[in-house]
Protein chains: 2
Amino acid sequence: MIPPGATLGMLGGGQLGRMTALAAARLGYRTHVFTPEPDSPCAQVCAEATVAEFTDHAALAAFAAAVDVVTLEWENVPPEALVMLAEHVPVRPGAGVLTVTRDRIHEKAFVNRLGIKTAPWRPVHSAADVDRAVGALGRPAVLKAARLGYDGKGQVLLRADSDPTAAWHHLGGGNPLDAVVEGFVDYACEISVIVARSPDGSQRGYPTVENQHEHHILARTIVPARIAPAIAAEAENIAARIAEALGVVGLLAVEMFVTRDGQVLVNEMAPRPHNSGHWTLDACATSQFEQLVRAVCGLPLGPTDRPCDAVMENLIGDQVGRWPELVAAPGARLHLYGKREVRAGRKLGHVTWLKGFGVEALG
Amino acid sequence: MIPPGATLGMLGGGQLGRMTALAAARLGYRTHVFTPEPDSPCAQVCAEATVAEFTDHAALAAFAAAVDVVTLEWENVPPEALVMLAEHVPVRPGAGVLTVTRDRIHEKAFVNRLGIKTAPWRPVHSAADVDRAVGALGRPAVLKAARLGYDGKGQVLLRADSDPTAAWHHLGGGNPLDAVVEGFVDYACEISVIVARSPDGSQRGYPTVENQHEHHILARTIVPARIAPAIAAEAENIAARIAEALGVVGLLAVEMFVTRDGQVLVNEMAPRPHNSGHWTLDACATSQFEQLVRAVCGLPLGPTDRPCDAVMENLIGDQVGRWPELVAAPGARLHLYGKREVRAGRKLGHVTWLKGFGVEALG
């Protein structure tokens, strides 16, 4: 057990790290963030900050010596950095988990090997592969880079009239590329489940929530998901099985589709706090961020019940300008991330509405 | 209005500043702490820290230039420092409020002038004064230094057999001293009310709570206070009247006695977050810390309803060793302050039990 007073090392300096550091502080932990970004959202609330590239081995060595455990808020930290850190300090989740979750090919293959369904897919490594995959899966389909995609980046829609070769070159810019083609899924809604797992293997999951995306970015999470209880239970079971099979220590967020005929298909997953879990800050006794701290420090996991319904809305780009109205709304819980620059598509904050305190107004 | 993204200057680096900085961060503010203490609980969660004495005018000037508004978590900041800062930046609460609340003579006289009762008292400036005061007020009585007392420090009980002259010399150590003698109050319980007040004069109060002290240090706050509703309402009215008369911007905590015959007497007050308001972190939509940020930044004050009963227990000295049990208790919300050194009488953390989640176990 890593007791309060110890220092949590955080790889990545965004809002997920920031909210984790705030939760860690409540339990008496110090946070030391490592990020290339100066004056990051996370550094503003940390005891220590290292501003360096993830390839800076001297900085990584000094960081490893200064912290008691390492976790992350960004799954694209180079695996070499994780391996190097792990020689000196526990890294949770570890490089093995990241190897699976950071690559869509490994991720989908891993899930399918557990007998869990995904959208139909094919790994592709060339324009010819894309052509064959589209032939097998039909159109529309989506070509997605295997690595480094988020919020719709690294994706190309393959319509009836799209040229697969052009799509391949558009995505890769002529560079070697691993990617997948995913077949069309006629889904009724998108859902997600977040599971926490401790070093001793104990697990706790949050209830299934429903996610609405706009322009490929999460706009809104509705709690609970408006689906049949049996489907929610299946989603929670899927997430728990994947977390256990991965042996993740920390959090695992699993995004899933519910098809119109009631099938649950895994879309993607992330071994870190997840935007679809921000509602837990205001509606649960233990937020996802506190749960991450508990998991990586080996403390008992906290309760994950949902005492009331909730809706979380992201404040993206100039939507952050709504803050004066939101800070005045009695049922709204406003969270802002300390980012100075307002850019289109940038997540600058979120607001949680709790049922009985204004969530009804959202319809 | 001082908008999110601005920097809150915090005078004092203890747990009250720490919890305020955590609340400020949630709303997107940066906190810059000014404290003589290196590695203070507050600095661990702040964007910036100045470690300097409150008499260091160069450091104060640089601090004033770096922040957008100043508040405090310690009422004994030298008034000269507040006056100097106020030439450059809003200081909330201001030096005028502190002049009243930091001196028991001014404080009691101010309250009495509003027609609000205190224990019977006399200002004393010499051993002869103490003798006369005890003659007028009877015994037992308490001799209290006018300034710089907290947690029972700076107090001498005057029993039937106490020598007033010896008590005077014990308290002052031979130095000039302003003090008060307070007559005995046969009280049924101690209560407190915290009121927030904005620059525009709007106010919101939290419900009346009951406080249990051990060795002159707050041990436990019980929410709501176990008193008649009319007495609770009177206490809330008293606190609101004092806050308005003082013109405080920020928080005012008013400690009161309820006598066995149902009178409400003001004991003392503090224009800052208060230990008896820590329960609001876990039981209210707006904690006292967030409310302080809202008040000093001119945001609308948040709701102060009590959705459930609660008990807050301080973790003092080696009581912090209870953390493994508390972090595992489903109904307990543990808060630790990041203080490395465990000393007798030192507040190292607290735990809030919410009714329906274990508070019953406390009886």
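**Helix α1 of chain B**

I began with the length of helix α1 (residues 15–26) of chain B in this predicted model. At 1.5 Å a residue, its 12 residues should span 16 Å, and I find the end C-alpha atoms 17 Å apart, which agrees.

I then looked up how far α1(B) is covered, and found that 12 of its 12 residues are buried. Among them are the charged-to-nonpolar variety of Arg18(B), Thr20(B) and Leu22(B), and the buried stretch includes both Gln15(B) and Arg26(B). Just after the helix, I noted that Gly28(B) takes a positive phi of about 90 degrees.

**Packing of α1(B) on α10(B)**

Next I turned to helix α10 (residues 288–297) of chain B, which packs with α1(B) at an angle of about 65 degrees, the two axes being 8 Å apart. Since angles of 65 to 115 degrees count as roughly perpendicular, that makes α1(B) roughly perpendicular to α10(B). I recorded the crossing of α1(B) and α10(B) as right-handed.

Which residues meet where α1(B) and α10(B) pack? From α1(B) I listed Met19(B), Thr20(B), Ala23(B) and Ala24(B), and from α10(B) I listed Phe289(B), Glu290(B), Leu292(B) and Val293(B). Sorted by class, the residues of this contact divide into 6 nonpolar, 1 polar and 1 charged. For the spacing of such positions I kept in mind that an α-helix has 3.6 residues a turn, so residues three or four places apart point the same way.

**Contact between the chains**

I then went from chain B alone to the pair, and found 25 residues of chain A in contact with 25 residues of chain B. On the side of chain A that touches chain B, α1 (15–26), α11 (323–328) and β16 (332–336) of chain A each supply at least two residues. By class, I have that side of chain A as 16 nonpolar, 6 polar and 3 charged residues.

**Leu348(B)**

My last entry concerns Leu348(B), which I located in strand β17 (residues 347–354) of chain B. Is Leu348(B) buried or exposed? I count 26 C-beta neighbours inside 10 Å, and because 20 or more suffice, Leu348(B) counts as buried.

Leaving aside neighbours within four places in sequence, I found Leu348(B) in contact with Leu315(B), Ile316(B), Val320(B), Leu336(B), Tyr337(B), Lys339(B) and Val342(B). I also looked up Val89(B), which lies 259 residues from Leu348(B) along the chain, and the C-alpha atoms of these two residues are separated by 32 Å.

How values were computed. Residues numbered from 1 in each chain as written. Chains lettered and ligands numbered in written order. Predicted model: local features only at pLDDT ≥ 70, side-chain atom pairs only at ≥ 80, totals over all residues. Helix = DSSP H or I, 4+ residues; strand = E, 2+ residues; numbered from the N terminus. Expected span 1.5 Å × (residues − 1). Axes fitted to C-alpha atoms, helices over the stretch in contact; angles between N-to-C directions. Parallel < 35°, antiparallel > 145°, perpendicular 65-115°, else oblique. Left-handed = near helix turned anticlockwise from the far one by under 90°. Contact = placed C-beta atoms within 7 Å.
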